[in-house]
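Reader: I'd like to learn how to read a structure like this one. Can we go through it together, feature by feature?

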Amino acid sequence: MAKYFPLFIDISEKTFLVVGAGNIAVRRILKLKEFGCKIIVVAKTIAATIMDQQDDRLILKERAYDSMDVEDVDYVIAATNNKELNEKIVWDCNRAGIMVNDASNYKNCDFYFPGIVTEEEMVIGVTSSGSNHRLARRVASEIRYNIKEVVTRCKKELEEDPNAEKFD
Ligand SMILES: C[C@@]1(CC(=O)O)C2=NC(=C\c3[nH]c(c(CCC(=O)O)c3CC(=O)O)Cc3[nH]c(c(CC(=O)O)c3CCC(=O)O)/C=C3\N/C(=C\2)[C@@H](CCC(=O)O)[C@]3(C)CC(=O)O)/[C@H]1CCC(=O)O
Ligand SMILES: NC(=O)c1ccc[n+]([C@@H]2O[C@H](COP(=O)([O-])OP(=O)(O)OC[C@H]3O[C@@H](n4cnc5c(N)ncnc54)[C@H](O)[C@@H]3O)[C@@H](O)[C@H]2O)c1
C-alpha cells in the first residue's frame, strides 16, 4: 500500500535550508526556486551553476554546516556527500521539530522530494515511495514528455463541452 500522501503546500512564504550544493542539491534548489520560496544554502563548496543566482530569495553561505543553521527555517534538505553529517542534520531537525529530507537515506526522511512535472498551473509529483528511484525518474520523464499535449487537449475538450466527462 502506498503511504506517501501528496500534500500540495504553498511554500511561497516558506524558507528552505539546503545543506550541500553539489549535483543533487542544485537540482532541488533550481526546482524549489520555481515555486517562489526563500532558500538558504549552506555548503563548503557551492557549484558554479548557482553561484551567480544569489538574490534576496536565494542566500548562499559557503562554509561548513552548523547546528544553529536549522533555526528559523521551515524545511530542511540534507544533501551533503557525508552520510554521517546528513544524519546529524536530521537529528538537529528532529530535536527542533522541523521537517527534514535526507537525500542519502530514505529511512531518515519526513518527506520525499518527488519527480516534478509542471505545465501552466498543473503540478504533478511522482514518487515510488522510496522503492525505485530510477523508475520514479523514468515515469516523471515520460509524463513531462506528454503533459503539454494532455493539458491542451483536455482544456479544449472542456471548453467545447464542459459536461462531457470522458472518464469518471
Ligand atoms: C524523484 C527524484 C527527485 C529528485 O531527486 O530531484 C528522487 N530521486 C531521483 C533520482 C535518483 N535518485 C537516485 C538515483 C540513482 C539510482 C540508481 O542508479 O539505481 C536516481 C536516478 C537517476 O538519477 O537517474 C539515488 C538515490 N535516491 C535516494 C537515495 C538514498 C536512499 O534511497 O536511501 C539514493 C542512493 C544514493 C546513493 O547511493 O548515494 C533517495 C531518494 N530519492 C528521492 C527522489 C526520494 C524518493 C524517491 C522515490 O520516489 O522513490 C528519496 C527516497 C529521498 C529524497 O531524496 O527525497 C529523482 C528523479 C527526478 C526526476 O528525474 O524527475
Ligand atoms: N536523492 C537522490 O536523488 C540522490 C541521487 C544520487 C545521490 N544522492 C545522495 O545525495 C548526496 C549528495 O550527492 P551529490 O552528488 O550532490 O554530492 P556532491 O559531492 O556533488 O556535493 C556534496 C556537497 O556537500 C557539501 N558538503 C560536504 N561537507 C559539508 C559540510 N560539512 N558542510 C556543508 N556542506 C558540506 C559539499 O561542499 C558539496 O557542496 C549523497 O549523499 C548521495 O548519496 C541522492
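Reader: Let's start with Thr152. Which helix does Thr152 lie in?

Author: Thr152 is part of helix H4. Keep in mind that we're looking at a predicted model.

Reader: And is Thr152 buried, partly exposed or exposed?

Author: Exposed needs over 50% relative accessible area and buried means under 20%. Thr152 comes out at 45%, so the residue counts as partly exposed. As for its surroundings, the C-alpha atom of Thr152 is 9.6 Å from that of Glu119, although 33 residues separate the two along the chain.

Reader: How far can I trust the coordinates?

Author: Look at the confidence scores before the details. Where pLDDT is low, you shouldn't read the predicted coordinates in detail. Here the chain has an average pLDDT of 96, and 98% of the residues reach at least 70. The model's ipTM is 0.95 and its pTM is 0.96.

Reader: On to the ligands. Which residues are closest to ligand 1?

Author: Start with the shell, then go to single atom pairs. Ligand 1 has 23 residues around it, and the closest are Arg27, Arg28, Asn101, Tyr106 and Ser128. Oxygen atoms of ligand 1 then show up in several polar pairs: one is 2.5 Å from a polar side-chain atom of Arg27, one is 2.7 Å from a side-chain N or O of Thr127, and one is 2.9 Å from a polar side-chain atom of Arg144. On its own, ligand 1 has 1100 Å² of accessible area, and the protein covers 70% of it.

Reader: Which elements give two or more residues to that shell around ligand 1?

Author: Helix H1 (23-33) and helix H4 (133-160) do. H4, the helix that holds Thr152, gives the most, with six residues. Domain 1 (15-113) and domain 2 (116-160) each supply at least three residues to the shell around ligand 1. By class, that shell has eight nonpolar, ten polar and five charged residues.

Reader: What surrounds ligand 2?

Author: Same routine. There are 21 residues around ligand 2, with Ala21, Ile24, Thr45, Tyr65 and Thr80 the closest. A nitrogen atom of ligand 2 is 3.0 Å from a polar backbone atom of Tyr65, and a nitrogen atom is 3.2 Å from a side-chain N or O of Arg28. The protein buries 72% of the 870 Å² that ligand 2 exposes when taken alone. H1, strand S2 (38-43) and helix H3 (83-96) each give two or more residues to the shell around ligand 2, and H1 has the largest share, four residues.

Key: Residues numbered from 1 in each chain as written. Chains lettered and ligands numbered in written order. Predicted model: local features only at pLDDT ≥ 70, side-chain atom pairs only at ≥ 80, totals over all residues. Heavy atoms only, no water. Near = heavy atom within 4 Å. Polar contact = N/O pair within 3.5 Å; in protein donor to acceptor, adjacent residues only side chain to side chain. Areas by Shrake-Rupley, 256 points an atom, 1.4 Å probe, with all protein chains shown as cover. Nonpolar A, V, L, I, M, F, W, Y, C, P; charged D, E, K, R; others polar. Domains from an automatic or database assignment. pLDDT = per-residue confidence, 0-100. Buried < 20%, exposed > 50% of the residue type's maximum accessible area, 1.4 Å probe, protein only.
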